[in-house]
Amino acid sequence: MRRVRLAVLASLSVLATSPALAQAPQVEKNVSMAMALAIIQGTLEQCTKDGYKVSVVIVDKAGNVAASVRGDGTNPHTMEFGRLKAYTSRTRGQTSLEFMKLTSDPANAYLKQIPNTVAVGGGVPIKAGNEVIGAVGVSGAPGGEKDEVCANAGIAKVADALK
């Protein structure tokens, strides 16, 4: 009987505090508009310097598009492919090139079935410390590893804000 009373009291105390805790807003880090624009600018600068015409897509913590730019002279598919690369990187918390290498092993090939992911380079996570707060996807350079170099250059533009 004593155990039952203790269990009831414990349950009531949890239920009594739950409404107060449920009202507290969630606070999390995310990609701001200014950050997204700075990353896009840095990415385009690097790719232009390297002679590549690319499109750049930034996704936020939830994987939604925060900002995007279709570069001059890019092919029509580059916007969607950039988005998929960014989404892959955000979802997995790793570069899309790392995802490509991971899924090249038949034991991990099932991961390619995750909706809206692609196993090709060009997507890089945006991290605040160790927390993934978004990702950048680049498409249009001749090879995913070249897209990734541009994406890293864009993220480097905001490195101080991510510390």
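The legends below accompany views of a predicted model, beginning with the whole protein and ending at its disulfide.

**View 1. Secondary structure of the predicted protein.** The protein has five helices and four strands, and when followed from the N terminus these elements run in the order α-α-β-β-α-α-β-β-α. Helix 2 covers residues 33-50 and helix 5 covers residues 144-156, and each of these two helices contributes one cysteine to the disulfide taken up in the later views.

**View 2. Burial, surface and contacts across the chain.** Of the 163 residues in the protein, 40% count as buried, while the accessible surface comes to about 9,300 Å², with 57% of that area belonging to carbon and sulfur atoms. Among contacts in the protein with a separation of 6 or more, 63% are accounted for by residues that lie 24 or more positions apart.

**View 3. The disulfide between Cys47 and Cys150.** A search of the whole structure finds one disulfide, which is formed by Cys47 and Cys150, with their sulfur atoms 2.0 Å apart. The pair links distant parts of the chain, since Cys47 sits in helix 2 and Cys150 in helix 5, at a separation of 103 residues. A disulfide is a covalent bond between the sulfur atoms of two cysteines.

**View 4. Handedness and surroundings of the Cys47 and Cys150 pair.** The torsion about the S-S bond of Cys47 and Cys150 is about 120°, and the disulfide is therefore right-handed. Both cysteines, Cys47 as well as Cys150, are buried in the model.

Key: Residues are numbered from 1 along each chain as its sequence is written. This is a predicted model: local features need pLDDT of at least 70, side-chain atom pairs count only at pLDDT 80 or more; totals for chains, interfaces and linings use all residues. Side-chain values use heavy atoms; hydrogens and water are left out. A disulfide is a pair of cysteine sulfur atoms within 2.5 Å. Buried means under 20% relative accessible area, exposed over 50%, partly exposed in between (1.4 Å probe, protein chains only). Contact means heavy atoms within 4.5 Å. Accessible areas come from the Shrake-Rupley method with a 1.4 Å probe; for residues, only the protein chains shown count as cover.
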